[in-house]
Structures are given as C-alpha cells and as structure tokens.
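Visitor: I'd like a close look at a single part of this protein, one pair of charged side chains and where its two partners sit. Could you take me there and then show me what else is worth seeing along the chain?

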Amino acid sequence: MEQKDFAGVGQDILFAARNELYMSLPYLDAALCGLAFAPGGGVTVSLATDGETLYYDGAWLADRYLRSQVWTCRAYLHVILHCMLRHLAKKRGKVSELWDLACDAAVESILDELDYPCLNAGIVPRKQKFYGECRRDMPVLTAEGIYRRLLRLNLPEYEIAQLQRAFLVDDHGLWDPERQDDQEQSSRQDQKWQDLSSKTQTGLETVLSDKGTGGEAVLEQVRVAVRDDVDYRAFLRRFAAPREIQAVDGDAFDYGFYSYGLRLYGNMPLVEPPETREEKRIEDFVIAVDTSMSTSGERVRQFLACTYAILRSAGTFTRKVNIRIIQCDDQIRSDDVIRDLEDLRAYMENFQLTGGSATDFRPVFEHVAKLQEAGAFTSLRGLVYFTDGMGIYPEKRTPYETAFILLGEPPLSVKTPPWAIRLVLEAPDLDRAAEQLPEEIDLDELPEL
C-alpha cells in the first residue's frame with residue numbers, strides 16, 4: 001500500500017478513536033476536536049503535537065491499531081490531556097527529561113482511573129507502584145508535583161529510563177520552547193487550551209461530575225491547569241486595616257504653597273509637610289495551623305517561614321500588633337500571642353509542631369469567639385487556616401473573613417464552606433512571594449523549623 005494511502009488510513013483511525021472517546025467522555029467534546037490531523041511532522045514511531053496539530057505516521061499507527069484499538073484511544077486522549085493541562089507551555093525553564101516524564105505520569109494516572117472499555121489497558125505494576133509513592137506527597141498527581149518530586153529524589157539514570165519506558169506514549173520533541181519562534185502565537189495557543197479546559201471544568205462541575213465514571217480524575221487536574229497564579233503577598237494585604245503612621249504623606253502635600261512661601265519669605269514655607277499618612281497594616285489577625293499528620297513537614301515550614309517574612313516586611317507589619325498563632329488538630333494545642341517583631345522572631349526560632357491527631361476545624365473558631373468575647377481583639381480583620389482541607393468545618397459564617405490556605409490542589413472530596421475563601425498555593429507561589437520581599441529580608445537566613 002502506498003504511503004499516501006497509509007496517511008488516509010491513519011487519519012481514519014484517529015477519527016475513529018476520537019468518536020469512541022466522545023461516546024464515553026462527552027464532557028471532553030470541545031477538547032477532543034482541538035487538534036487538526038496531519039501526517040509527518042518528523043514523527044515515525046509515535047504521535048506528536050505542537051498544540052495545534054496532531055502529527056502521525058500512518059503505517060505505524062495502522063500497525064498499532066491492529067494490535068490494540070485500546071492503545072489508539074489511550075494515545076489520542078493522552079495527547080489531548082497534555083494540551084488541556086498546558087504541559088507544552090509550562091515546559092520552559094524545566095529539566096526537559098524530568099518534565100516529560102512527569103507529564104506522561106500525570107496523564108497516565110488519569111487514564112488509569114477512567115473506567116471505560118476503550119481505555120482499559122489493564123494494570124501495570126510499575127506504574128501503580130509509582131502512583132502510590134507519589135500520593136504520599138500529594139493528594140492529586142499533577143505534573144508540577146511529580147516534577148518537583150523527581151527533582152528532589154535525584155534518581156539514577158537507569159531508574160529514570162525504567163520509568164520512561166513504563167509511561168512513554170507520545171513524542172514530546174515538538175514541545176521544545178526554543179522552537180516556538182512566535183511568542184504571540186504560543187500565547188494564543190496556550191490561551192486556547194486554557195479556555196477549552198475551563199469549558200470542560202464547567203461541564204464537569206455543573207452537569208457531569210456525578211454521572212461520568214472517572215470524571216473526577218479529569219476534573220482534579222483540570223482545576224490545576226486553569227488556576228491562575230497566586231500572589232500570596234497581595235492576598236495577605238486584604239486583611240490589613242487602615243491606620244495612621246508617622247511618615248510624610250507626599251500625596252497630600254501641596255508643593256505650590258510650599259514653594260510660594262519660600263519665594264515670598266525666603267526661608268518660611270507657607271505649608272509644612274503632613275507628618276502622618278494613612279496606610280493599611282496588619283494588626284489584629286489569627287493564623288491557624290492544622291497540625292494533623294497530613295500537614296506536618298516541610299510544607300508547613302515553608303508556609304510559616306514565608307508568612308513570617310511577609311508579615312515582618314515594612315509595608316505590612318506595624319510596630320505593635322495583636323497576632324495569635326494557633327496550632328490545632330482535633331483540639332487546641334497551642335495559642336501564642338505576637339505583640340511585635342521580637343515576639344515573632346522568638347516564636348519562629350523556637351517553633352515546634354504539636355499534635356498529630358485527626359482534623360477538626362471547629363475548636364479554633366470556638367476559641368477565637370471566646371477571645372473576642374473577652375476583648376482580646378480590637379478589630380479582628382481575618383483568620384487564615386493552613387491545612388490540607390480534610391476535616392470537620394464549622395457550619396456558620398464567621399463575623400470576620402476566613403481563608404483556608406491549601407498547599408496543593410486537594411481531592412474533589414475536600415469541600416470548603418461556601419462562605420470561606422479557598423486559596424490553593426503551590427510551592428512556586430510561595431517562592432514568588434519570597435522573591436518579592438524587600439532585599440533586607442532573606443528567607444535563607446530565617447531560622448529552620
């Protein structure tokens with residue numbers, strides 16, 4: 001058979017795979033049609049995409065289709081999920097070998113949870129073992145989380161090669177950011193897939209999440225893909241209250257009258273510069289830390305160290321404050337009062353996590369209510385609760401703003417109250433917050449917890 005005939009056969013196979021997937025996963029209808037088909041593209045033994053076109057080799061694809069129709073369906077959806085989760089756009093600045101492996105593992109973890117005949121390739125022990133090891137560090141197997149884990153483990157080359165063989169499906173050669181000459185086109189392409197992911201998320205959350213078997217596996221990762229970057233430093237400022245401070249207010253100073261007085265009288269300005277100005281500073285504030293076993297470790301240390309550095313920065317922290325840092329699992333373990341920078345520094349130097357039981361959020365809010373009744377706060381603006389999200393929530397809305405800070409996307413079973421702020425942070429979000437701190441504050445010089 002001629003090569004051009006194989007090109008047509010390959011296209012028919014891809015159309016058939018797309019139709020089969022649509023019948024099983026209708027909530028992916030727009031995304032499944034997001035790529036054009038074309039033979040070539042330098043592909044000879046696999047599939048590949050640049051985010052616009054799905055390239056294939058017709059003869060090779062026909063051979064694989066005869067061996068396993070399930071493989072073609074899985075391979076097609078594997079490529080589509082790469083695009084939906086924006087793996088191509090996020091490759092810039094990553095170690096190519098580890099990022100490619102992390103993306104393949106994240107996508108395959110989704111496919112292995114989708115219970116449909118067209119995707120059922122059986123259990124592969126090596127893959128299941130890797131999933132289990134990753135889930136000890138993260139509730140949702142995202143490419144970003146797996147990539148950070150691979151960087152931390154620094155596995156030998158032969159172990160990386162074994163994992164690559166287990167998860168390899170498509171060719172990532174067209175992902176190379178250096179090949180993307182037109183940055184504007186790359187941005188449009190990334191925006192296209194972000195929009196398609198948002199449509200998929202809306203469909204799953206409003207209609208299909210309870211009906212599509214395994215749809216939760218897709219939704220968990222799509223939520224990560226469409227989530228905007230978080231400015232944690234700016235987020236903390238929303239809990240600040242306006243206060244007058246001793247400083248020259250340049251905005252309220254009229255230089256016209258000032259200079260006129262100097263010209264008229266020589267050394268006698270008509271207007272003195274205002275000696276106070278209004279700024280928003282954090283004063284009454286509560287930081288609660290979930291000390292159950294699921295949130296202990298390096299992530300707690302990173303969150304507290306970054307929060308400590310932001311609070312002690314000149315633009316946020318007043319000379320005298322009233323901050324309570326409460327540790328709680330299923331009961332209050334500690335309640336420390338921070339009055340100034342020295343208290344905060346001493347707290348960080350001597351900090352220890354206490355607890356390790358199940359999670360119940362209610363004791364913290366009951367404790368804060370009692371403190372308010374006793375007059376411990378002048379004007380409590382808000383409470384931030386660092387947690388994995390899994391626990392018993394209070395039913396009633398608090399009279400102050402409450403934010404649950406989740407480091408990493410939690411499973412869909414974690415549902416924060418509708419009246420509370422839900423903020424998902426990743427390690428890079430905290431890193432960016434640290435980079436924006438004043439030069440005199442260095443996270444590396446902060447005490448280890």
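Guide: Let's start with Arg-135 and Glu-113, which form a salt bridge whose closest N and O atoms are 2.8 Å apart. Keep in mind as we go that this is a predicted model. The pair links distant parts of the chain, with its two residues 22 residues apart. Arg-135 belongs to helix α6, which covers residues 125-135, while Glu-113 sits in the loop between α5 (96-111) and α6. How exposed or buried are the two partners? Arg-135 has a relative accessible area of 37%, so it counts as partly exposed. Glu-113 is also partly exposed, because its relative accessibility is 40%. Side chains of opposite charge can pair when their charged atoms come close.

This pair has company: the structure holds 15 salt bridges. One of them joins Asp-100 to Lys-91, with the closest N and O atoms 3.2 Å apart. Here both Asp-100 and Lys-91 are buried. Another salt bridge brings Asp-330 together with Arg-333, and the closest N and O atoms in that pair are 3.7 Å apart. Asp-330 is partly exposed, since its relative accessible area is 31%. Arg-333 has a relative accessible area of 36%, so that residue is partly exposed as well. You will also find a network of salt bridges, in which Arg-74, Glu-108, Asp-112 and Lys-127 are linked.

Now for the loops around the helices. Arg-86 is found in the loop between α4 (69-84) and α5. Its phi is near 60°, a positive value in a residue other than glycine. Arg-86 counts as buried because its relative accessibility is 15%, and the cut-off for buried is under 20%. Further along, Asn-154 lies in the loop between α7 (143-153) and α8 (157-167). Asn-154 is not a glycine either, yet it has a positive phi of about 50°. With a relative accessibility of 64%, Asn-154 counts as exposed.

Next, follow the chain back to the sheet. Three strands make up an open sheet, ordered β1-β3-β2, and the pairing is mixed. β1 (36-39) and β2 (48-49) are the edge strands, each pairing on one side only. β1 and β3 (residues 53-56) run parallel and are joined by 4 bridges. Within this region, Phe-37 stands opposite Leu-54 in β3.

Leu-35 is a good residue to click on here. Its place is in the loop between α2 (29-32) and β1. Is Leu-35 buried or exposed? Leu-35 counts as buried, because its relative accessibility is 5%. Leaving aside neighbours within four places in sequence, Leu-35 is in contact with Thr-49, Gly-51, Glu-52, Thr-53 and Leu-54, and also with Val-79, Ile-80, Cys-83 and Trp-193. Leu-35 and Tyr-55 are 20 residues apart in sequence, and their C-alpha atoms are 9.5 Å apart in space.

Ile-80, one of the residues in contact with Leu-35, also brings us to the nonpolar interior. The largest nonpolar core has 64 residues, and Ile-80 is among those with the most contacts inside it. The others named for their contacts in that core are Leu-21, Tyr-76, Leu-77, Leu-114, Leu-119 and Ile-146. Apart from this core lies another, of 30 residues, whose members include Tyr-308, Tyr-347, Leu-423 and Leu-425.

For a last stop, look at Ser-292, in the loop between β5 (276-290) and α13 (298-311). Ser-292 is buried, since its relative accessible area is 3%. Which side chains make polar contacts with the side chain of Ser-292? One is the side chain of Asp-290, at 2.9 Å. The side chain of Thr-359 is another, joined to that of Ser-292 by a polar contact of 2.9 Å. Not counting residues up to four places away in sequence, Ser-292 touches Asp-329, Gly-356, Ser-357, Ala-358 and Thr-359.

Definitions and conventions
Residues are numbered from 1 along each chain as its sequence is written. This is a predicted model: local features need pLDDT of at least 70, side-chain atom pairs count only at pLDDT 80 or more; totals for chains, interfaces and linings use all residues. Side-chain values use heavy atoms; hydrogens and water are left out. A nonpolar core is a set of buried Ala, Val, Leu, Ile, Met, Phe, Trp, Tyr and Cys residues joined through side-chain atoms within 4.5 Å. Buried means under 20% relative accessible area, exposed over 50%, partly exposed in between (1.4 Å probe, protein chains only). A salt bridge is a side-chain nitrogen of Lys or Arg within 4 Å of a carboxyl oxygen of Asp or Glu. Two strands pair if DSSP finds at least two bridges between them. Contact means heavy atoms within 4.5 Å. A polar contact is a pair of N or O atoms within 3.5 Å; within protein, one must be able to donate a hydrogen and the other to accept it, and residues adjacent in sequence count only if both atoms are side-chain atoms.
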